[in-house]
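Student: I would like to look closely at one part of this protein and see how it fits into the rest. Could you take me through it step by step?

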Amino acid sequence: MKKAFTLMAAVLVLFTIACKKDSTTKKAASGENSWILDGVTYKTGITSRANTSGGDKTTLINFWTAVPTSDFRVNGVSVSFATVPTASGTFKLKGGVGGTLTASQFELAASTLTKTYAYLGTDVDITVTVTGGKVKVVIPEITLKCTTSDPDVKLSGTVQEL
């Protein structure tokens, strides 16, 4: 129970932590920019980038289907880098949330309107492409843990900043 609570708190911090906006939120154009979470396909409709302001500072990039509601309920994927990648390459998706990241690592969380998930598995090599300063992450099928006692779910897809 304590572990589940700690996980839930850490993931919620990733989504709701006080942030300093680096870029304006943009709406989606046409094209592939989607993910599959627990068998449901979601399409990126809006992205945002912000710097976190507590503990180890990171840059959080959010890929959402729509603008979050006042209680931060939204279908989305969030990735957290120690610093924003400036060049394409292979990065390590690190299992856990809220840990210290190196320049070549990142963390990932996802949400639906009712649930929040985090990647807690072993480190996985992930392709990250940077074009014109915009980050694109190709996510192979991975297993995410729910912050409640709900079952694990699968996530895969390609998300790109708009």
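Student: In E13, which residue is the bridge partner of Ile139?

Tutor: The bridge partner of Ile139 in E13 is Gly157. Before we go on, please keep in mind that this is a predicted model, in which local features need pLDDT of at least 70 and side-chain atom pairs count only at pLDDT 80 or more, while totals for chains, interfaces and linings use all residues. Residues are numbered from 1 along each chain as its sequence is written, and side-chain values use heavy atoms, with hydrogens and water left out.

The protein has one helix and 13 strands (DSSP runs numbered from the N terminus, with at least four residues of H or I for a helix and at least two of E for a strand). Read from the N terminus on, the order of its elements is α-β-β-β-β-β-β-β-β-β-β-β-β-β.

Let us start with the strand in your question. E12 and E13 pair in the antiparallel sense over seven bridges (two strands pair if DSSP finds at least two bridges between them), and these strands form a hairpin with six residues between them. E13 also has a partner in E3, to which four bridges join it in an antiparallel arrangement.

Ser156 lets us see both of these neighbours from one position, for this residue is placed in strand E13, and Ile36 stands opposite it. Leaving out residues up to four places away in sequence, Ser156 touches Trp35, Ile36, Ile139, Pro140 and Glu141, where a contact means heavy atoms within 4.5 Å. With a relative accessible area of 19%, Ser156 is buried (under 20% is buried, over 50% exposed and in between partly exposed, with a 1.4 Å probe and protein chains only).

Trp35, one of the residues that Ser156 touches, is itself buried, with a relative accessible area of 0%. The structure holds three aromatic pairs, and in one of them the rings of Trp35 and Tyr42 have centres 5.7 Å apart and planes at 20 degrees, so this pair is stacked. (Rings of Phe, Tyr and Trp, taking the six-membered ring of Trp, pair if their centres lie within 6.5 Å; planes under 30 degrees apart count as stacked, over 60 as edge-to-face and the rest as tilted.) Tyr42 is buried as well, at a relative accessible area of 14%. The loop between E3 and strand E4 (40–43) contains Asp38, which has a positive phi of about 55 degrees although it is not a glycine. As background, most residues other than glycine have a negative phi.

The strands we have met also take part in the largest nonpolar core, which has 27 residues (such a core is a set of buried Ala, Val, Leu, Ile, Met, Phe, Trp, Tyr and Cys residues joined through side-chain atoms within 4.5 Å). Among the strands that each supply at least two residues of this core are E3 (34–37), E12 (134–146) and E13 (153–160), and E12 gives the most, with six residues. The residues with the most contacts inside the core are Leu37, Phe106, Leu108, Leu144 and Leu155. When residues up to four places away in sequence are not counted, Leu144 touches, among others, Leu37, Leu108, Val153 and Leu155. Phe106 has a further role, since Phe81, Phe91 and Phe106 form one aromatic cluster. In general, nonpolar side chains in soluble globular proteins tend to be buried together.

For a view beyond E13, consider E5, where six of the seven residues are buried, so this strand is largely enclosed by the rest of the structure. Six bridges join E5 to E6 in an antiparallel arrangement, and Thr59 in E6 is the bridge partner of Asn51. Arg49 lies in strand E5 (residues 46–52) and is buried, with a relative accessible area of 13%. The side chain of Arg49 makes a polar contact with the side chain of Glu161 (2.5 Å), and a polar atom of the Arg49 side chain lies 3.0 Å from the backbone oxygen of Gly133. (A polar contact is a pair of N or O atoms within 3.5 Å; within protein, one must be able to donate a hydrogen and the other to accept it, and residues adjacent in sequence count only if both atoms are side-chain atoms.)

Taken over the whole protein, 41% of the 162 residues count as buried.
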